[in-house]
Amino acid sequence: MNIHASASHRLSDAEVAHYHDQGYVIPDWRLPPAVLDRMRADFEALKAANPGVGSDNMICPHIPAGGVQGLKGAGVWLDYARIPEILDMVEQLIGPDIALWGTTVFGKPPGTGKRVPWHQDGEYWPIRPLATCSAWIALDDATPENGCLRVIPGSHKQQRLRAHAQDDSDELALNQVLSPDEYDEAEAVDFVLQAGQVSLHDVYLVHGSEPNRSDRRRAGYVCRYMPTTSHFDREIGRALQAKGNLVDFTTRPLWLLRGTDACGLNDFRVGHG
Ligand SMILES: O=C(O)CCC(=O)C(=O)O
């Protein structure tokens, strides 16, 4: 599917400054309604194709041939990760050399959708130096009632990974949990989004989300974009897995979406066969 091949969009200077200062931005842009409808239908198809995988955390739907969790994905999710307006905005934030290295649908079902514990993404990822901009696309309206994303503004600034502990309990959608003395929940900001809106956040930003206690679904599709000045280091991935990270990064395919491999260390062949 060719989504808006010729479209482009630029963040304002104020939006770029907000991202760098606060660690996130909710741009003044939204998905065209037809693309949103299509994405919602593709989410239904993804769930139907994967009855054994809970929809709270469906990892790498963009990899058609069995991603993590044995997920049967579909190429259309890669098309969504290539939406030019989103890449334009990401380019303003992380530069012109961009690799896609991951995607996830966090599709919290009504009533039972799980908590995403407070965490920093960098705790989970084998990228050095740590860098990634995550684009979280709302498939549904997201509010505090259905468990919207919550962040601690400015918590990315020290570029420091804070203390996390592992918790494999079933009520959590992720298992690395930030120590409560590492943040002040009173500072949290809710990302209230309408379906089709997007938020962009930095790899060091402290964030999480509450369970979905409402009768409305809260699904988001997040795409992870890395500047290729960083290295997606599969050996670090192996070490993270040995420490309890549930995801295998050793065979994860990377896609170079813009520019070149600036650090020269990234392997774009692994996992594509
Ligand atoms: O969708 C959520 O509630 C959590 C998303 C998240 O942690 C992320 O995109 O990094």
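A salt bridge here is a side-chain nitrogen of Lys or Arg within 4 Å of a carboxyl oxygen of Asp or Glu. By that rule, the side chains of Arg150 and Asp190 are paired, with 2.7 Å from N to O. Arg150 sits in strand E7 (residues 149-151) and Asp190 in strand E10 (residues 189-190), so this pair ties together parts that are 40 residues apart in sequence. Helices (H or I, at least four residues) and strands (E, at least two) are DSSP runs, numbered from the N terminus.

Some ground rules before going on. This is a predicted model, where local features need pLDDT of at least 70 and side-chain atom pairs count only at pLDDT 80 or more, while totals for chains, interfaces and linings use all residues. Residues are numbered from 1 along each chain as its sequence is written, and side-chain values use heavy atoms, with hydrogens and water left out.

**Salt bridges**

Searching the whole structure turns up 17 salt bridges. Among them, these three are worth a look:

| Pair | Closest N to O |
|---|---|
| Arg150 and Asp190 | 2.7 Å |
| Arg217 and Glu44 | 2.8 Å |
| Lys47 and Glu44 | 3.5 Å |

Glu44 pairs with Arg217 and also with Lys47. Arg217 lies in the loop between strand E12 (206-209) and strand E13 (218-227), while Glu44 is in helix H2, so that pair bridges parts 173 residues apart in sequence. Lys47 and Glu44, by contrast, are three residues apart in helix H2 (residues 33-49), about one helical turn. Zoom out a little and Arg40, Glu44, Lys47, Asp140 and Arg217 turn out to be linked in a network of salt bridges.

How accessible are these residues? Buried means under 20% relative accessible area, exposed over 50%, and partly exposed in between (1.4 Å probe, protein chains only). Arg217 is buried at 16%, and Arg150 is buried at 16% too. Glu44 is partly exposed at 40%, as are Asp190 at 31% and Lys47 at 26%.

**Helix H1**

Now for helix H1 (residues 13-22), where Glu15, Val16 and Tyr19 are buried. Looking down the axis of H1, its buried residues fall within an arc of 100 degrees (taken from the directions from the helix axis to the C-beta atoms), so they line one face of the helix. Asp13 and Ala14, on the other side of H1, are exposed. The buried residues pack (contact being heavy atoms within 4.5 Å) against strand E1 (24-25), helix H4 (84-94), strand E6 (133-138) and strand E11 (198-202). Right after H1 comes Gly23, with a positive phi near 90 degrees.
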